[in-house]
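Work through these exercises with the sequence and the 3D view open. Try each task before reading its solution.

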Amino acid sequence: MSIQVSINGDDRDLETNANEPLLTALRRAGLYSVKHGCETGDCGACAVLLDGVLVNSCTLLARQADGRRIETLEGLAPELPGQRGELHPLQRAFIETGAIQCGYCSPAQMLAAKSLLERQPDPTEDEVRDALAGVLCRCTGYVRPVEAVLRAAAVLRGEEVPPPPMPPTVNTFDWLFEPPDTPEELAPGDPSGGHDGATDIQTLTQTPVMVLAPPQTKVVNKAEAKVDAVKLAKGRAVFTDDMELPGMLYGALLTSPHAHARILDIDASAAERLPGVHAVLTYKNTARVMYASGGQSYPQPPPFDQVSLDNKVRHFGDRVAVVAAETTEIALAALRLIEVDYEVLPAVLDPEAAMQPGAPVIHDEPDAIDIHDAARNLVHHLHADYGDVEAGFAAADYVFEGEYRTHQVQQASIEPHVCITWWDEDDRLVVRTSTQVPFHVRRIIAPLVGLPIRRIRVVKPRIGGGFGGKQEMLLEDLCAHLTVVTGRPVRMEYTREQEFASARSRHPEIMRYKTGVRKDGTLTAMELRMVADCGAYGTHGLTVPTVSGFRGLTTYKADALKWDCLVAYTNKPTPGAYRGYGAPQALFALELHMEEIAEAIGWDPVEFKRLNWVKEGDELVLARAMGEGREGFEQWVHSSGLEECVQEGMKAIDWQRRTDPDWHVVPGQPHLRRGLGFAVCMHGTGIAGLDMGAASIKLNDDGSFNLLVGATDLGTGSDTVLAQIAAETLGVPLDEVVIYSSDTDFTPFDTGAYASSTTFISGGAVLKAAEEVSEQIRDHAAKHFFGGVDRDRLWLEDRHVCGPSGARVSLETVALHSTHQADQHQIMATASHMSYLSPAPFAAQFAEIEVDMETGQIEVKKLVMAVDCGVAINPQTAAGQVEGGMVQALGFAHSEEMAYDEAGKLVTTDFVSYPIYRADEMPELGAILVQTYEPSGPYGAKAIAEIPKDGVAPALSSAIRDATGVRIRELPFTPERVWRALRTSTSHE
C-alpha cells in the first residue's frame, strides 16, 4: 500500500505493508536518524515528531501516519547544497556541551527538546528532564543533554551564552614540556619506573622547576569538540545498520524457550519451502567447530565450549536455528515453521548448587576443550597468594570475616547487536558490525566459516554503546554463515529480548573475606574466596574473576594475601565483559568489609582506609602471580591522587553533615532518614604486557595529517583523544588531523576497546608515530629551510616548523617541498605501543540518600566522584565518562537485576521489567577531575572509562548504614531488600 506523508516539509509517497511499523518505512526511505532500540516504545530511540507531537515510531503503524506531518532530525538543519555543515542551535549546543557520546539516542533527544522548546521557550531544568524522560540514554547520565537543551533555549531566545563550563579540575603538578629526544625508560621493580622492554615516551613531565617553551598545551587537556560530533548531531548514516545493499537478505534467530534441553530432532522443511526463504541453518547443516566467543587476545583464553549451532541448548535464549529471507517478516514467519523436538533437562541456576554431586551436567559434549572439570560444572579453579596468610591471621589482634553477593545485570546498550555481511568484488567476506574488537572478530570467525583471515575484512562503523557487551563475537558468525550459503548480503540484528537473553551480562559473584588486623589498624592478612557464575558458556570466565580477585586484594596493603576462586557453569544466559570487568563486584565487597572492620575496632572508616590504601611507591604484590589469566608483571603505584580525591569529594558532598544527628532526620517527615556514604576505588589502565595498539600518520600536501588507528571508539571519544595527542605533538589544530579507525584492511592492529586501554595504549602508539613524523618534518626543514641547523633546535607549533631567532616555515611548504621538489619522500610513520605497566587510576565515590523506613525505598539525592585519571586529554569527554558511568553503577546498585522463573526462563526482557534510570529520575551528579601526572602515559594520562562503575554500590551501602544503622551485603538495594533488612534489624533489637 502507498501512504502520502510530509517528511521534513517534503511531500512523499511511501510504499509500506499493512502491518509495517513507521520506523521501518522511514529507515527504508533513508531517514537513518530514526533508530531501532526496542520493539515496544520503551527506549524512545525511534522517536519522531508526528504533527508536532513526539511519538515512538516502532509502535506506530506506517499507515497511521497517512496524510500527516513527520519531522525527523534530518529536518532540523537540512543538508542543502552549499549548506551541508549548517547546524540548528540544538545541534550546536549538543556538540558544544559534550552531550553526544555514542550519539545513538541523540536524534530522539533533540526532537524531544524541539517539541518542548516550541511549547515552552524558557523551560526549567525539571521541564527539560521531563521532556527527555521518554528517551533512554545509557552513556551520558543526562547531565550534558539537559545542559545542551537549556543552552539552546537561551540561544533561540536571542541571548548571549558563555562557553560551556569546564568540569571541576584539581591539578597536583605543574605543566612542563620535555624535549622529545629525552624519553624516560623505566625498569620493573623500580618504584619510579616501568620496563626496559617497552619504552613509554611522553612529552610532558611533572617537575617544579623552570618552564621550557612552549609553556602550555594547545590541544591536549582542552575540551575540544568530538571529531565525530557533527555527523552524529545531524543523524547521518554512520551506524552499522545505516545502509542498504542490493539483494540484501534479512536474518532471524530462533532461540531456546528452555533453560536446558537436548534437541532430539529439528525439522526445518516447512520453513525452507516458505516463499522468500533462502536458507535455514541448524546443527544438522552447519560445521561443528569449537570456539570461545570472547573478544580477547591470542591465544584465546579457554574454555572452547561453543559451536555456531548445537544439538543442545544450555540457557533460555540459546541459539537453535537461523534463517535468511527476503524480508524480516518472512524470516520471522519461517522461524515459526521450524519444528524442534526438545528433551527438557533439569536446570541449575545457582553456582554453588551446580558444583554439587548429582547436579545436571551442562557441558557433557566430548569435544569441548579445556574445561577444568565438566562433570562438576567447574569451568576454572583459580588461586594465587603472597606470603603466609595463616601466619598473618595468627599474628592479628582481630580477625574478621564477611560474605558479600553481587547479581547479574545487562549492558543494555540502546543500539542492539547488529551485523551486515557480504562478498566484495574480490570474493572476500566483508563483516560490517557493531563491535569493540574488530581484529579479534576476524580471527575468531575465520575457522568457523572456513575462510583464511586474508579473505575476511571487518569494519566497525560508529557504535551505539558497547560497555563491554560488544567485546564478543555474537552475531557475526551466523550472519557470515548465511552469506556463505546464499551468496547474498545478509543483515542480522538482535531484538531487545535477545539482547537480554542471548547477548552478555555481568558475572554474579559470591565473595567471602577473612582479614587479620592489628590494634594499630594495619592489616596482617587478607583472604578472598570467591564463587563466580559464568552462566552457560565460559567466555571471560577466566579473566573477569581474576580481575575481581586482583582488585579485591590490592587496593589495600596487607602482609599476606590469598585468593581462591571457583568458576561454575549454570543455566543462565552467559555473562561476559561489562564495563568494570570484575572490579565493581570486588570493590563492593571490599569496601563494605573494610568499613565493617573500621566500625568494629572503633576507627573512623575514612581514616582506617587512608591508613591502609596503597600509596605512591607501593608494589601491587599480586600482579605477577595473577596477571590477566596468565603470568603478569610487577606493578608499582607511580602516581596517585587518591588523598586529593577524598578531600575534594568530601567538600563537594559536605561530608561534615555525617556527624550531625539532626541532619539525618528530615523535618516534618519522620519516616525518612538521610545518609552519606563513601568508597575508595582503584582500577587499572590496560593489560600489562598484553594489550597492543598501532597507529599510522602521514603528512598531506596542505600540512594536515591523516591518522589511522585500529582503536575502537564506542562513544567514549577515543577518536577525538587520539587525534588530540597527534595534533598536540605535530603543532596543528585538532581539525587538521583526519582520523580513520577500526577497519581490519586499512588500519593498523589494535586489541580493541576494553580494559580501559585506548588512551594509554593506542595513545602511546599515536604519540610515538607523531614524534617520528615530527622528526622527519624537522629533518627535512633543517636541511632545506634552516641551513642545516640541528633538528633538535626546531619545534612544531601553529602549523609551522619554528626555529631560533623566530625563523619559521609552514608545514604546507615542507609537505609540498618533500613530496615534489627535493629529497622527495612521503613523510609518514607507523608505530606500535605495548606497556608492561598498568598504572592505576584512583577515585573517591560519595553518595547522599534518603531512606523511607516504612517502605525501604531509597532516593539517591546526590553522587560525587573525584577521579585521578592522570592528565585528562579531553576534560569534557572525561567528565562525561564519569557522569555516565556513575549512572550505570547506580542501576547496578539500586534497580537493575536479571530475574528468572523457577524453570530458568528470563523474565526481565524489556526496559519495563528491567528499568534503567531516566532523565527525570536522576540524582544530582558531580564529577571532579584530580589531575596527577603519570610518567608512563601519553601526556601523563591514565584511564578513566571504567573506574566510575566501581564505587557507587559500596558508597550506597555505606550511606544506607549511616541512615538506618543497617548493613546490606547483597545487591541490588531494591525496596523489598531494604525493607526486609530494616524489619530484621528491628526484630533483633
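The exercises below cover sheets, a helix pair, nonpolar cores and unusual backbone spots.

This is a predicted model: local features need pLDDT of at least 70, side-chain atom pairs count only at pLDDT 80 or more, and totals for chains, interfaces and linings use all residues. Residues are numbered from 1 along each chain as its sequence is written, and side-chain values use heavy atoms, with hydrogens and water left out.

**Exercise 1. Find the strand order of the open sheet that holds β8, and name its edge strands.**

Step 1. Fix the terms. Helices (H or I, at least four residues) and strands (E, at least two) are DSSP runs, numbered from the N terminus. Two strands pair if DSSP finds at least two bridges between them.

Step 2. Read the order. The three strands run β10-β8-β12, and their pairing is antiparallel.

Step 3. Check one pair. β8 (residues 261–267) is joined to β12 by six bridges. Asp267 stands opposite Glu339 of β12.

Step 4. Name the edges. β10 (312–313) and β12 (339–344) each have a single partner strand, so one side of each lacks a neighbour in the sheet.

**Exercise 2. Describe the open sheet of five strands and the helix that packs on it.**

Step 1. The order is β13-β21-β20-β19-β14, with mixed pairing.

Step 2. β13 and β14 (398–406) are the edge strands, and each pairs on one side only.

Step 3. On average, neighbouring strands here are turned by 10 degrees against each other, direction ignored. Axes are lines fitted to C-alpha atoms, for helices over the stretch in contact, and angles run from 0 to 180 degrees between N-to-C directions.

Step 4. Nine bridges pair β14 with β19 (residues 509–517) in the antiparallel sense. Tyr404 stands opposite Met511 in β19.

Step 5. Add the helix. α14 (residues 543–554) touches β13, β19, β20 (523–533) and β21 (561–568). Its direction makes about 160 degrees with that of β20. Contact means heavy atoms within 4.5 Å.

**Exercise 3. Classify how helices α2 and α5 cross.**

Step 1. The axes of α2 (residues 89–96) and α5 (residues 143–156) come within 8 Å and cross at roughly 135 degrees.

Step 2. Apply the classes. Angles under 35 degrees are roughly parallel, over 145 roughly antiparallel, 65 to 115 roughly perpendicular, and the rest oblique. So α2 is oblique to α5.

Step 3. Residues making the contact include Leu90 and Phe94 of α2, and Val149 and Ala152 of α5.

**Exercise 4. Which residues touch the most other members of the largest nonpolar core?**

Step 1. A nonpolar core is a set of buried Ala, Val, Leu, Ile, Met, Phe, Trp, Tyr and Cys residues joined through side-chain atoms within 4.5 Å. Buried means under 20% relative accessible area, exposed over 50%, partly exposed in between (1.4 Å probe, protein chains only).

Step 2. The core has 163 residues; Trp563, Leu863, Leu956 and Phe973 touch the most other members.

Step 3. Helix α22 (residues 875–894) gives the largest share, nine residues.

Step 4. Among the residues touched by Leu956 are Leu863, Leu890 and Phe973.

Step 5. Another core, of 44 residues, lies apart and includes Ala695 and Val814.

**Exercise 5. Locate the unusual backbone spots at Pro299, Pro303 and Asn377.**

Step 1. Tyr298 and Pro299 are joined by a cis peptide bond, with omega about -5 degrees.

Step 2. The bond from Pro302 to Pro303 is also cis, with omega near 5 degrees.

Step 3. Pro299 lies in the loop between β9 (277–281) and β10. Pro303 is in the loop between β9 and β10.

Step 4. Asn377 has phi near 60 degrees, a positive value in a residue other than glycine. Asn377 is buried, at 1% relative accessible area.

Key
Lists of a residue's contacts leave out its neighbours within four places in sequence.
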